[in-house]
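User: Please take a close look at the aromatic ring pairs in this model, and then set them beside the strands and helices elsewhere in the chain.

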Amino acid sequence: MERTLFEEDHELFRDLAREYNEREIAPGYAGWEADHMMPRRIWKAAGEQGLLGLAVPEEFGGAGMPDYRYRVVLDEEFARSNHLAVALAFHLQDDLVLPHLLAYGSDDLKERWLPQMVSGDKVTSVAWSEPEAGSDLRGVRTKAVRTPDGDWLLNGQKTFIGNGISGDAALVLARTDGSTGRGSGDSFSLFMVEKTDGYTTGRQLDKMGVKASDTAELFFDDVLVPAGNLVGLEGQGLKYASEQLPQGRLAIAVASSAVARAVYEATRQYTRDRAAFGLRVADFQNSRFVLADILTEVEVTEAYVDSAVLAFNAGTLDAVSAAKAKLWASERVKSITDRCLQLHGGYGYIMEYPVAQAFLAARLLTIFGGTSEIMRDVIGRSIAA
């Protein structure tokens with residue numbers, strides 16, 4: 001089926017994204033995966049190429065391009081190149097941190113952070129999850145207490161934090177009402193917390209896949225956070241997080257769709273090149289049936305996610321619709337990568353083959369940004385309401 005999502009400007013942007021992947025990422029990516037860390041220079045290079053903070057207004061150094069189709073192009077090129085860890089690292093900043101600063105940050109916060117995030121001079125992370133509170137944000141225990149001078153003292157622990165080691169700061173969700181137990185709707189606030197005294201990173205977590213994107217624990221021990229680093233209003237952290245959920249979950253749906261297409265194309269080519277029992281793998285009826293099912297699912301997923309992208313651009317993508325898109329696309333790519341790996345036979349189990357890396361990366365997508373079970377609950381509650 002012919003896609004109608006993109007226009008000429010998006011394809012011109014694709015050329016930039018493709019060149020960036022080929023020049024800046026491809027030569028060193030395998031080594032970064034082995035080292036579990038990517039160099040900071042790739043952020044600077046992306047900034048110079050105009051690939052970061054696309055939605056940031058020009059007054060803060062950005063391109064002023066809130067059209068989410070450009071982000072779709074970027075994810076598709078990362079997936080096509082199999083540079084999935086870079087896609088994840090960029091997503092954490094562009095789809096999770098930036099929307100909160102753009103929507104709720106003071107002029108001072110925007111002036112201090114946005115230009116440096118757009119240029120790649122500053123790398124940020126999202127520090128919400130905790131050891132005892134994954135998807136349950138009301139269970140967050142990290143707390144921030146006012147000082148006599150009006151600043152904040154931050155104490156607590158976070159885990160599963162992407163860009164946690166390589167980043168310069170984190171968007172932290174912390175309890176600010178002094179309560180214990182599960183918090184209420186106004187118990188939490190958001191802060192931009194820079195690495196300073198008392199802000200330490202724990203061990204780097206050894207993930208199954210996308211290893212070049214570092215993931216770590218963070219510890220806050222009496223970290224002094226200036227009053228001006230409060231994002232928006234005190235007590236509105238959960239509200240803000242809820243309001244920005246559609247973009248974060250749309251991003252995961254987009255990445256899922258892009259990976260599904262890329263792994264299908266790679267598998268299709270592999271089955272046409274690989275011979276077994278005197279025939280190409282693609283000549284066996286089972287292979288053709290499996291590929292037929294996969295291609296149909298890929299195209300259905302693209303159409304569904306494309307419609308969600310257009311709804312986001314129009315300002316009509318709500319939390320339930322975003323949950324549906326994430327649920328569908330992430331579950332499909334999990335299944336698709338599994339079947340594609342099977343068609344590769346023994347080579348599918350070898351990490352130098354893109355299908356093996358995609359299989360491991362796809363397994364994250366049904367968990368990250370809210371598990372599939374959380375998505376089903378969000379959708380189910382809307383049905384029962």
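Analyst: What follows begins with the aromatic rings and then moves to a strand, a helix and two loop residues.

This is a predicted model, in which local features need pLDDT of at least 70 and side-chain atom pairs count only at pLDDT 80 or more, whereas totals for chains, interfaces and linings use all residues. Residues are numbered from 1 along each chain as its sequence is written, and side-chain values use heavy atoms, with hydrogens and water left out.

Rings of Phe, Tyr and Trp (for Trp, its six-membered ring) are taken as a pair if their centres lie within 6.5 Å, and planes under 30 degrees apart count as stacked, over 60 as edge-to-face and the rest as tilted. By this rule there are eleven aromatic pairs. One of them joins Phe13 and Tyr70, whose ring centres are 5.4 Å apart with the planes at 85°, so this pair is edge-to-face. Phe13 belongs to helix 1 (residues 8–25) and Tyr70 to helix 4 (residues 69–81), so the contact ties together parts that are 57 residues apart in sequence. Helices (H or I, at least four residues) and strands (E, at least two) are DSSP runs, numbered from the N terminus. Phe13 counts as buried at 6% relative accessibility, and Tyr70 also counts as buried, at 10%; here buried means under 20% relative accessible area, exposed over 50%, and partly exposed in between, with a 1.4 Å probe and protein chains only.

The rings of Trp43 and Phe90 have centres 4.6 Å apart and planes at 45°, so they form a tilted pair. Trp43 lies in helix 3 (residues 41–49) and Phe90 in helix 5 (residues 84–104), so this pair ties together parts that are 47 residues apart in sequence. Both Trp43 and Phe90 are buried, and ring pairs link them with Tyr20 and Phe78 into a cluster.

Turning to the strands, seven of the seven residues of strand 4 (residues 169–175) are buried, so this strand is largely enclosed by the rest of the structure. Ala169, Leu171, Leu173 and Arg175 point one way from strand 4, while Ala170, Val172 and Ala174 point the other way. Two strands pair if DSSP finds at least two bridges between them. Strand 1 (residues 124–127) runs parallel to strand 4 and is joined to it by four bridges, with Leu171 as the bridge partner of Val126. Strand 5 (residues 188–194) runs antiparallel to strand 4 and is joined to it by seven bridges, and in this pairing Ala170 stands opposite Val193.

Helix 7 (residues 237–273) has 37 residues and reaches 53 Å from its first C-alpha to its last, close to the expected 54 Å, where the expected span is 1.5 Å times one less than the number of residues. Helix 7 nevertheless bends by about 45° at Gln244, and Pro246 follows within four residues; the bend is the angle between axes fitted to the seven residues ending at a residue and the seven starting there. Of the 37 residues of helix 7, 26 are buried.

Two loop residues complete the picture. Val210, in the loop between strand 6 (199–204) and strand 7 (215–225), has a positive phi of about 40° although it is not a glycine, and Val210 is buried, with a relative accessible area of 10%. Phe277, in the loop between strand 9 (275–276) and strand 10 (279–280), has a positive phi of about 55° although it is not a glycine, but Phe277 is exposed, with a relative accessible area of 83%.
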